[in-house]
Protein chains: 2
Amino acid sequence: MVTKNIQTQRKARGRPSSFDRETALMAAMRLFWDRGYEGTSFDDLTAVMGISASSFYNSFGSKEALYHEAIDAYARQASAWFVAALETGQTTADAFRALFEAAACAFTRCDSPSGCMIASAATQCSPAQSRLKELMIDQRRLAEDAMKQRLALGVKAGDLAPTTDLDALAGYFSTVMQGLGIQARDGASREKLIEIGHMALSVFKQ
Amino acid sequence: MVTKNIQTQRKARGRPSSFDRETALMAAMRLFWDRGYEGTSFDDLTAVMGISASSFYNSFGSKEALYHEAIDAYARQASAWFVAALETGQTTADAFRALFEAAACAFTRCDSPSGCMIASAATQCSPAQSRLKELMIDQRRLAEDAMKQRLALGVKAGDLAPTTDLDALAGYFSTVMQGLGIQARDGASREKLIEIGHMALSVFKQ
DNA sequence: TATTTTTTGTAACCATCGCTCCACAAATCC
DNA sequence: GGATTTGTGGAGCGATGGTTACAAAAAATA
């Protein structure tokens, strides 16, 4: 779909784009992040991206295709701090402490919409968007899996009891993470989110 | 807005309704619960309510007014188990254990959409629905306040340390509750939700 | 300069959205 | 029965949704 410049020497034929694709994609991502798929209209998108309808379809195919790209971009960006945090510290508790602190920061950046684009997406939507709904469920599952893997590492390291129910614990942390997304969306401060994250770590003690 | 039958003796004038208002409202509530406000179309509503457009406006005023009624109905129904659970048991921990178990049950009933109608509503929506968004934020705040009050009772009863940060703890439980709503929406089983709720209680065992 | 390739601007398209109007139907009151 | 009141059915409205068609514009190639 996207024409690759295999030979950077050869210049592109045809009329050049008047906009930067990546910049436009980021703008679209933020709008989707803030308003969700159904809450974001086509006109809002083209306005914030600074392009016309024809350029939109020429470059991104459709609204749904653009949403997919936006989710991918967000997931890449989010998994950066997500994975990095989980690799922080010595103990499993340290890692999850870092994870929640990173989430609290990511969910309350002044240069982005609040909360998590994935956590609060398509929880309620029309049947026409059932495919997107499933996609978001998968994305949330990916995050939960990543947490589970880190917990398994903790068991292997003797950090956690071998009897630890990894699925349940990962589900618990995933639940807190998703809840944090909603709290952030509702205007909770970064400090409040961090405090909540710290409280969630009390499952480790005892 | 609604005509009250002050004198039950006197029969209602005019052509009688061909549908039961409460039944239609419940049907609408479930559809909104499942699809959200923007995800539910006018035609979907009239279809599931079994009435025509004119009867719809005659009885409910507008889509938004109906949504308000639906939210009120849900809040009444939900606060029933919510408040009852918080009054359960001796200790504060008992009360919250009951609360999470009640939530787990309420969020996974086969005769209703999964999850919480309020927790996952309008987290992402178009600016046109900003009033509804604020309404939902208020509703979520009400739940958090109720939890905070129960925690304060625990301090008064000597159940919790006087130094307990009630706001933070209530925020934490509220976060877990909202996360449970998303988990349920994603298809988590009742057992999983209960397990997660139990883990959330570990904040009590210092 | 002519040709080819790609992007852009403009103007529509068609379905759906929430909603209104109005003539008619069905009940009570006098 | 006639008047009054209230609910119903159906047609259709203006606005907006996402999408497409088409020709002009701007670049490389020949």
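What follows leads through a predicted model, from the relation between two protein chains to the surfaces that meet two DNA strands and then to a single threonine.

The arrangement of the protein is a convenient place to begin. Chain A can be superposed on chain B with an RMSD of 0.1 Å by a turn of 180° combined with a shift of 0.0 Å along the axis, and that is the relation of a two-fold axis. Within chain A, the C-alpha nearest this axis belongs to A:Gly179, at 2.0 Å from it. The two copies use the same surface for their contact, since 98% of the contact residues of chain A recur in chain B.

One part of chain A carries an annotation. An unreviewed UniProt entry lists residues 18-78 of chain A as "domain: HTH tetR-type". Over these residues the model is 77% helix and 0% strand, and the C-alpha atoms at the two ends of the stretch are 29 Å apart.

The path now turns to DNA strand C, around which there are 27 residues, and of these A:Ser18, A:Ser54, B:Phe42, B:Tyr57 and B:Lys63 come nearest. Of the atoms of DNA strand C that come within 4 Å of the protein, 73% are accounted for by sugar and phosphate. Several polar contacts to this strand are made by the backbone of chain A: a backbone N or O atom of A:Gly14 lies 3.5 Å from a base oxygen of DNA strand C, a polar backbone atom of A:Arg15 is 3.1 Å from a base oxygen of the strand, and a backbone N or O atom of A:Ser18 lies 2.5 Å from a phosphate oxygen. In terms of secondary structure, the elements giving two or more residues to the surface near DNA strand C are α3 (53-60) of chain A and, from chain B, α2 (42-49) and α3 (53-60). By residue type, this surface divides into seven nonpolar, twelve polar and eight charged residues.

DNA strand D can be read in a parallel way. Of the 27 residues around DNA strand D, those that come nearest are A:Phe42, A:Tyr57, A:Lys63, B:Ser18 and B:Ser54. Sugar or phosphate supplies 72% of the atoms of DNA strand D within 4 Å of the protein, while the rest belong to bases. Here side chains from both protein chains make polar contacts, for a polar side-chain atom of A:Tyr57 lies 2.5 Å from a phosphate oxygen of DNA strand D, and a polar side-chain atom of B:Ser55 lies 2.7 Å from a phosphate oxygen of that strand. A base oxygen of DNA strand D, in turn, lies 3.2 Å from a polar side-chain atom of B:Arg13. At least two residues of the surface near DNA strand D come from each of α2 (42-49) and α3 of chain A and α3 of chain B, and the residues of this surface comprise seven nonpolar, twelve polar and eight charged.

The last stop is A:Thr123, which lies in the loop between α5 (92-106) and α6 (130-156) of chain A. With a relative accessible area of 5%, A:Thr123 counts as buried, because that value falls under the 20% cut-off. Apart from its neighbours within four places in sequence, A:Thr123 is in contact with A:Lys133 and A:Arg140 of its own chain and with B:Asp34, B:Ser120, B:Ile182 and B:Arg185 of chain B. The contact with B:Ser120 includes a polar one, in which a polar atom of the side chain of A:Thr123 lies 3.3 Å from the backbone oxygen of B:Ser120.

Definitions and conventions:
Residues are numbered from 1 along each chain as its sequence is written. Chains are lettered from A and ligands numbered from 1 in the order in which they are written. This is a predicted model: local features need pLDDT of at least 70, side-chain atom pairs count only at pLDDT 80 or more; totals for chains, interfaces and linings use all residues. Side-chain values use heavy atoms; hydrogens and water are left out. UniProt positions are given in the numbering used here, feature names are shortened, and annotations may be inferred rather than shown by experiment. Helices (H or I, at least four residues) and strands (E, at least two) are DSSP runs, numbered from the N terminus. Buried means under 20% relative accessible area, exposed over 50%, partly exposed in between (1.4 Å probe, protein chains only). A polar contact is a pair of N or O atoms within 3.5 Å; within protein, one must be able to donate a hydrogen and the other to accept it, and residues adjacent in sequence count only if both atoms are side-chain atoms. Contact means heavy atoms within 4.5 Å. A residue is near a molecule or strand if one of its heavy atoms lies within 4 Å of it. Ala, Val, Leu, Ile, Met, Phe, Trp, Tyr, Cys and Pro count as nonpolar, Asp, Glu, Lys and Arg as charged, and the others, Gly among them, as polar. Copies are superposed by least squares on the C-alpha atoms of residues with pLDDT of at least 70 in both.
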